[in-house]
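Let's take a walk through this structure together, starting with a whole chain and then stopping at a few individual side chains. Have the viewer ready so that you can follow along.

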Amino acid sequence: LSRIGDELYLEPTQSGLSLRAVNSSRSAFASFLFAPLFFQLYEPGSAGPDAELFRCKVHMKSFLGVFRSLPSLEKSVGKCLILLKPRASRLVLQLHCKHGVTKTHNLAFQECERLQAVFDTQRCASCLCAPARVLAEAVVHFPLTLAEVTLGTGPGGKISLRNYVEDEAEPSKTMVTELWLAEDEFQLVAVTPDSHITFCLKEFRGLLSFAEASNLPLTIHFDEPGRPVIFTLDDTVLEVHLVLATLSDLESSSHSPSTNGASHLPAPSDDFADDLESYMAAMETSEGCSEGAPSPNFSLRTPQPADSKPEGEEEEEEEEEGAVPGTPPHKKFRSLFFGSVMTPGRPGPATAQEVLAEDSDGEG
Amino acid sequence: MRFRAKIVDLACLNHFSRIINTIARLAKTCILRLTVCKLYFILSDKVANGGASMWCELSQGNFFDEFQLEGVAAEHNEIYLELVPENLSRALKTAQNAKAVKIKLTNKHCPCLRVAVELPSLSSSSRIVTHDIPVGVIPRRMWNDFREPSVPDFDVSIYLPVLKTMKSVVERMKNLSSVIVIEANLSGEMNLKIETDLVSVTTHFKDLGNPLWASEDGCQSSTQGRDLESMAEACIDIKKLQQLLAGQQVNPTKALCNIVRKRIVHFVLLHEEVSLQYFIPVIA
């Protein structure tokens, strides 16, 4: 989670403790849901009929600092107590160690709204599942400095990973690395042919090392370019989601690839119109729409603002602060798949509503 | 113009990778000259390279199981490519347990060396990783820029000390100074010296031995009449020396340097299958 954001959101729910993080450009979101069974004792607190369970966020570094050296923790700590004291404004982390030593850390927290990304794995056209090891062995061929990678489906059911070369980089100077994995390396392959998505490698690597360490298979749900890619890990007591924005290319997503299995996928189009669709359209429109609103798109912003003709509604302006153009390195990834979610019953602007596209795994 | 080659032996692959790693440390961009029998990595002494130049030569038969070359023309059955060796190094880095590595010259959108690594996998088919390394094809008229440098008319030729020792000495000196003086004589003595306002450090090596060079008329160079004790010195960029030493991952069979006082130091590192010459000019 620390690879994604600087703040750790803690949200106790009836179905477990959810830890979440989001990055500053709001193009990456992760949540870890620990079921009550994961804990020796789990008391989410009592919520009244109109109130929600208390939630907060703390500085990631402060939280991590308590668990600094894992090997020595494993040797000396018997129990860890996490206690939220709303009235004292403190999150208490208490480590019960050997020899009767108790270390109590009081972290300051901030109240926060519910951090929830808008995504729905059911609405993703493609799904892959592979042991974490296979994917880890795949990304090792890419340099650690590589920002984005393109995942695609190719002929013969093969799945490819390729480094994404930015338009600004000279194509005749940049090395292109492409890896092909056979269908039978995966536990599940249910993909739309000739599809591809481009996403940020850094956050993905973070999840991958967690998955490898826990020996869990990783599931990848994706759809068209521009729609978020969702990585999930599932265990009896843990549910993990990582949602990443993907690069959208505004040409038709059905390119025809070369038939030669070893040739690379067509590069994303470099002819982007400045089509600023409101990524909050899903949030703004049809509250209570029964089929669910379409997931927001993450449009590309070209460097020529003069050409821009925003098609989106005005509302998107207020979300602009989420899209920080200068945020390295992804000025093309717009923020977006969520924003503030007002709780029902509280007065708010007309745009307030609940999450439209609920996480299909139903966190409750 | 065609080039295709294949390595299947892991030891050959590792060895080849190590050589590429060494080259990558010495040159950001260099020329790869392909002939039917040999590969050459060449860095010419342009100002852009800081005046240093390099000539590395290896016999393709020692590394490749298959090697097919069709040069630019029948009488000139060679290909000269400009590339960034670091790219090649990266491509080979994760190929250490490959079943096979194929290298091919292609020209899809631009000329590239395509390195295709076939990796073992638990599935029925292998994993294939391809790296397309952009290259520049050097036209025939420019080939003369990249001829083998001749051995300079040196004042002293001496075998280098154990490279590991020399490397650690130079690395520490690098923290103190940006230039280093190499001096040696014909009695097998070498000194590495740095001098700054605050400190001067000298490391002395002895009993190194001086190689005998056959001169062009076939006679061994005569040391008569030369002062065996007199030191020939050259002041060079310490970073270049450090890069040369740091890139040596395997001990060479022979390592020596030729010093032309106040002009240039010519390093020669010989391994069984590859020879590397590196020229570091004196700092003006």
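Chain A has 364 residues, and 49% of them count as buried. Keep in mind as you look around that the model is predicted. The secondary structure of chain A consists of six helices and 17 strands. If you take the contacts in chain A with a separation of 6 or more, residues 24 or more positions apart account for 65% of them. On the outside, chain A exposes about 17500 Å², and carbon and sulfur atoms supply 52% of that area.

Now for the aromatic rings. Over all chains, a search of the whole structure finds 18 aromatic pairs. One of them joins A:F38 and A:F39 in an edge-to-face arrangement, with 5.2 Å from centre to centre and 85 degrees between the planes. The angle earns this pair its label because planes over 60 degrees apart count as edge-to-face. How exposed are the two partners? A:F38 counts as partly exposed because its relative accessibility is 44%. A:F39 is also partly exposed, at 23% relative accessibility; the cut-off for buried is under 20%.

Over in chain B, there is an aromatic cluster to find: B:F3, B:F16, B:F63, B:F64 and B:F67 belong to it together. Another ring worth a look in chain B is that of B:Y40, since B:R33 lies over its face, at 4.5 Å from the ring centre.

Next, turn to the surface, where B:M1, B:V72 and B:V137 form a nonpolar patch. Together these residues have about 230 Å² of accessible area. You can locate B:V72 in the loop between β5 (66–70) and β6 (79–83) of chain B. With a relative accessibility of 36%, B:V72 counts as partly exposed, and it can join a patch because that takes over 30% relative accessible area.

Let's finish with the backbone. Most residues other than glycine have a negative phi. Which way does A:H99 go, positive or negative? Its phi is positive, near 60 degrees. A:H99 sits in the loop between β6 (90–97) and β7 (102–108) of chain A, and its relative accessibility of 78% makes it exposed. Chain B offers a case of its own in B:D207, a residue other than glycine whose phi is positive and near 60 degrees. To find B:D207, go to the loop between β14 (200–205) and β15 (232–237) of chain B. B:D207 is exposed, as its relative accessible area is 69%.

Methods
Residues are numbered from 1 along each chain as its sequence is written. Chains are lettered from A and ligands numbered from 1 in the order in which they are written. This is a predicted model: local features need pLDDT of at least 70, side-chain atom pairs count only at pLDDT 80 or more; totals for chains, interfaces and linings use all residues. Side-chain values use heavy atoms; hydrogens and water are left out. Patches are made of residues with over 30% relative accessible area and no salt bridge: like charges are joined within 9 Å, nonpolar side chains (Val, Leu, Ile, Met, Phe, Trp, Tyr) within 5 Å. Accessible areas come from the Shrake-Rupley method with a 1.4 Å probe; for residues, only the protein chains shown count as cover. A salt bridge is a side-chain nitrogen of Lys or Arg within 4 Å of a carboxyl oxygen of Asp or Glu. Helices (H or I, at least four residues) and strands (E, at least two) are DSSP runs, numbered from the N terminus. Buried means under 20% relative accessible area, exposed over 50%, partly exposed in between (1.4 Å probe, protein chains only). Rings of Phe, Tyr and Trp (its six-membered ring) pair if their centres lie within 6.5 Å; planes under 30 degrees apart count as stacked, over 60 as edge-to-face and the rest as tilted. A charge sits over a ring if NZ of Lys or CZ of Arg is within 6 Å of the ring centre and within 35 degrees of the ring normal. Contact means heavy atoms within 4.5 Å.
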